[in-house]
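Biologist: Hey, got a minute to walk me through this one? I'd like to start with how the helices sit together.

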Amino acid sequence: EIMPSLVGSEMCIRDRNISGIIFTSLMVVAIVIFSFWFFINTLKKQMELDEMKSSFTSNITHELKTPIAVAYAANDALLNYGLGNNPIKREEYLLDTKEQLEKLSALVERILSMSMKERGNFRLDVSETNIRDMFEKIAQETKLRTTKNCDIQIEADDNLTAVFDAKLMSSVVSTLVDNAVKYSGESVSILLKAIRKSDKLFLSVSDNGTGIAQEHQRHVFEKFYRVPHGDVHEVKGYGIGLYFAKTIVERHGGPVSYTHLRAHETRH
């Protein structure tokens, strides 16, 4: 009468041991599969990052070489071909040189700002700024730079002000406006809007451009990211404009987002 009980206990113990071994084996297999997936995913992301860095290096080299070449050619013409004695040509070439140097300065400013932010010693030079004045200056500069038919409307109270780094925030809005111009057809309509809700200021740049496909929208603010399909390949860029905008806005304590509304593109 005792033996069956012992046998039953032994079988129960063996069953528990087998169950434990199976469970442990399944856990080990699951860990191995997860580790393999994590490794492949990390490797894939690293390869994508390397590809984006290579594209960034190629694009930024082009962006640096072009204004340098134009400024050099203008300076050479003034020095070596006697055009410095012609007031009209002298002013034309000097203005061209100034424009190219401003492009270089803006590019260097963006790169330095991001580098300082990543090192942790990024500082904002804040002051009270009139929003409408900032918008009007950006609109004027954009119309001077582009050959497209560019209609820029402004919705902001005349006395609306905010305390932020005016130079950097102006560069953020200019970046969004430049994108609106680049990624559009023969003409573009842009709306610059600013409203205050409680203690928060909301800035938005809306346009009727081509927009961004849904699968790429969540990546547009990533460093070096450029939409890999469609008309964007026809537009020169280096994939740091929107990342720069995100960096500056977040440094001011606010979020930045992209919203696709039918035929309109809006960034806040």
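**Helices, salt bridges and one threonine**

Modeller: Sure. Helix H4 (residues 166-182) and helix H6 (residues 241-251) pack at an angle of about 145°, and their axes are 9 Å apart. Keep in mind that this is a predicted model.

Biologist: Why give me an angle and a distance?

Modeller: Because two packed helices are described by the angle between their axes and the distance between the axes.

Biologist: OK. Is the crossing of H4 and H6 left-handed or right-handed?

Modeller: H4 passes H6 in a left-handed crossing. On the H4 side, the contact is made by Leu 168, Ser 171, Val 172, Thr 175, Leu 176 and Asn 179. H6 brings Gly 241, Leu 242, Phe 244, Ala 245, Ile 248 and Val 249.

Biologist: How many nonpolar, polar and charged residues does that contact have?

Modeller: There are 8 nonpolar and 4 polar residues in the contact of H4 with H6, and no charged ones.

Biologist: Let's stay with H6 for a second. How many of its residues are buried?

Modeller: 8 of its 11, so to speak of H6 as mostly covered is fair. The buried residues of H6 are Gly 241, Leu 242, Tyr 243, Phe 244, Ala 245, Thr 247, Ile 248 and Val 249.

Biologist: And what happens just after H6?

Modeller: Gly 253 sits there, and this glycine takes a positive phi of about 95°.

Biologist: What about H4, how many of its residues are buried?

Modeller: For H4 the count is 13 of the 17 residues, so the helix is largely enclosed by the rest of the structure.

Biologist: What span should H4 have, going by its residues?

Modeller: At 1.5 Å a residue, the 17 residues of H4 should span 24 Å. The C-alpha atoms at its ends are 24 Å apart, which agrees.

Biologist: Switching topic: how many salt bridges does the structure hold?

Modeller: It holds 4 salt bridges. One of them is in H6: Glu 250 pairs with Lys 246, with the closest N and O atoms 3.1 Å apart.

Biologist: Why can those two reach each other along the helix?

Modeller: An α-helix has 3.6 residues a turn, so residues three or four places apart point the same way. Glu 250 and Lys 246 are 4 residues apart in helix H6, which means they are separated by about one helical turn.

Biologist: Are Glu 250 and Lys 246 buried or exposed?

Modeller: In between. Glu 250 is partly exposed, with a relative accessible area of 39%, and Lys 246 is partly exposed too, at 28%.

Biologist: Which residues are joined into a network by salt bridges?

Modeller: Arg 132, Glu 136 and Asp 158 are joined into one network by salt bridges that share partners. Glu 136 and Arg 132 have their closest N and O atoms 3.3 Å apart. Those two are 4 residues apart in helix H3 (residues 131-145).

Biologist: Which salt bridge links distant parts of the chain?

Modeller: That's Lys 193 with Glu 155, whose closest N and O atoms are 4.0 Å apart. Lys 193 is in strand E4 (residues 187-197) and Glu 155 is in strand E2 (residues 149-155), 38 residues apart. Lys 193 is partly exposed at 32% relative accessibility, and Glu 155 is partly exposed at 41%.

Biologist: Last one. Where does Thr 142 lie, and what is it in contact with?

Modeller: Thr 142 lies in helix H3 and counts as buried, at 2% relative accessibility. Leaving aside neighbours within four places in sequence, Thr 142 is in contact with Cys 150, Ile 152, Val 177, Asp 178 and Val 181.

Key
Residues are numbered from 1 along each chain as its sequence is written. This is a predicted model: local features need pLDDT of at least 70, side-chain atom pairs count only at pLDDT 80 or more; totals for chains, interfaces and linings use all residues. Side-chain values use heavy atoms; hydrogens and water are left out. Axes are lines fitted to C-alpha atoms, for helices over the stretch in contact, and angles run from 0 to 180 degrees between N-to-C directions. A crossing is left-handed if the near helix is turned anticlockwise from the far one by less than a right angle, and right-handed if clockwise. Contact means heavy atoms within 4.5 Å. Ala, Val, Leu, Ile, Met, Phe, Trp, Tyr, Cys and Pro count as nonpolar, Asp, Glu, Lys and Arg as charged, and the others, Gly among them, as polar. Buried means under 20% relative accessible area, exposed over 50%, partly exposed in between (1.4 Å probe, protein chains only). The expected span of a helix is 1.5 Å times one less than its number of residues. A salt bridge is a side-chain nitrogen of Lys or Arg within 4 Å of a carboxyl oxygen of Asp or Glu.
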